[in-house]
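Colleague: Could you take a close look at the largest pocket for me, and at what surrounds it? I'd love to hear which kinds of residue make up its lining.

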Amino acid sequence: MTSAVPPPDHWIDPDVPWHYGDPLREQRLLAAGGMPAEDATLVAQLIVRGELRGYPGHGVIRVNPYLNWIKDGTYQVKERPAIEREGKLTAVVDGKHYIG
C-alpha cells in the first residue's frame with residue numbers, strides 16, 4: 001500500500017519506497033512469531049487500518065512489541081479470552097493476557 005502523502009522529508013530514505021504496511025506481510029510476521037493464523041490475520045488488518053487512518057502508534061509499529069511480548073510470555077497466545085459474567089448491558093471478560 002503506497003501512501004499518496006509521504007511523511008516529512010527528513011523521515012524518508014529516498015531509495016526506499018514509503019508504505020503504510022502490507023496486511024499479508026504483517027500477518028506472516030505475527031504468525032511466524034507464534035500468533036494463531038486467524039488472529040494474526042485480524043490483527044494485521046487492524047494495525048494497517050490504524051496506519052491508514054493516521055494513528056501510527058496503533059499501526060505497524062506494534063508488530064515488534066507484539067512479537068517480543070509473545071516471545072517473553074507477556075501475551076499468552078495459547079490461552080483464549082473468556083466471558084466470566086454477562087449481564088444485560090455489561091460483561092466481565094478475562095482476557096487471559098491475550099492480544100487486544
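Modeller: Happy to! In this predicted model, the lining of the largest pocket divides into 7 nonpolar, 2 polar and 2 charged residues. Running through the lining, you will find Asp-39, Leu-42, Val-43, Leu-46 and Ile-47, then His-58, Arg-62 and Tyr-66, and finally Tyr-98, Ile-99 and Gly-100. Helix H2, residues 37–52, contributes the largest share of that lining, with 5 residues. As for the space inside, the pocket's volume comes to about 180 Å³.

Now for the core. The largest nonpolar core has 13 residues, and those touching the most other members are Leu-30, Met-35, Val-43, Tyr-66, Ile-70 and Ile-99. At least two residues of this core come from each of H2 and helix H3 (63–72), and H2 gives the most, with 4 residues. Val-43, Tyr-66 and Ile-99 also appear among the residues lining the pocket.

Ile-70 deserves a visit of its own. Leaving aside residues up to four places away in sequence, Ile-70 touches Gly-33, Gly-34, Met-35, Tyr-75, Val-77 and Ile-99.

Finally, a polar residue to look up is Gln-27, which sits in helix H1, residues 23–32. Its relative accessible area is 14%, under the 20% cut-off, so Gln-27 counts as buried. With residues up to four places away in sequence again set aside, Gln-27 touches Ala-37, Ala-40, Thr-41 and Ala-44.

Technical notes:
Residues numbered from 1 in each chain as written. Predicted model: local features only at pLDDT ≥ 70, side-chain atom pairs only at ≥ 80, totals over all residues. Heavy atoms only, no water. Buried < 20%, exposed > 50% of the residue type's maximum accessible area, 1.4 Å probe, protein only. Contact = heavy atoms within 4.5 Å. 1 Å grid on protein atoms, 1.4 Å probe; cavity = no way out; pocket = protein on both sides within 12 Å on 5 of 7 lines; lining within 4 Å. Points joined across faces, edges and corners; volume = space filled by probe spheres on them. Core = buried A, V, L, I, M, F, W, Y, C linked by side-chain atoms within 4.5 Å.
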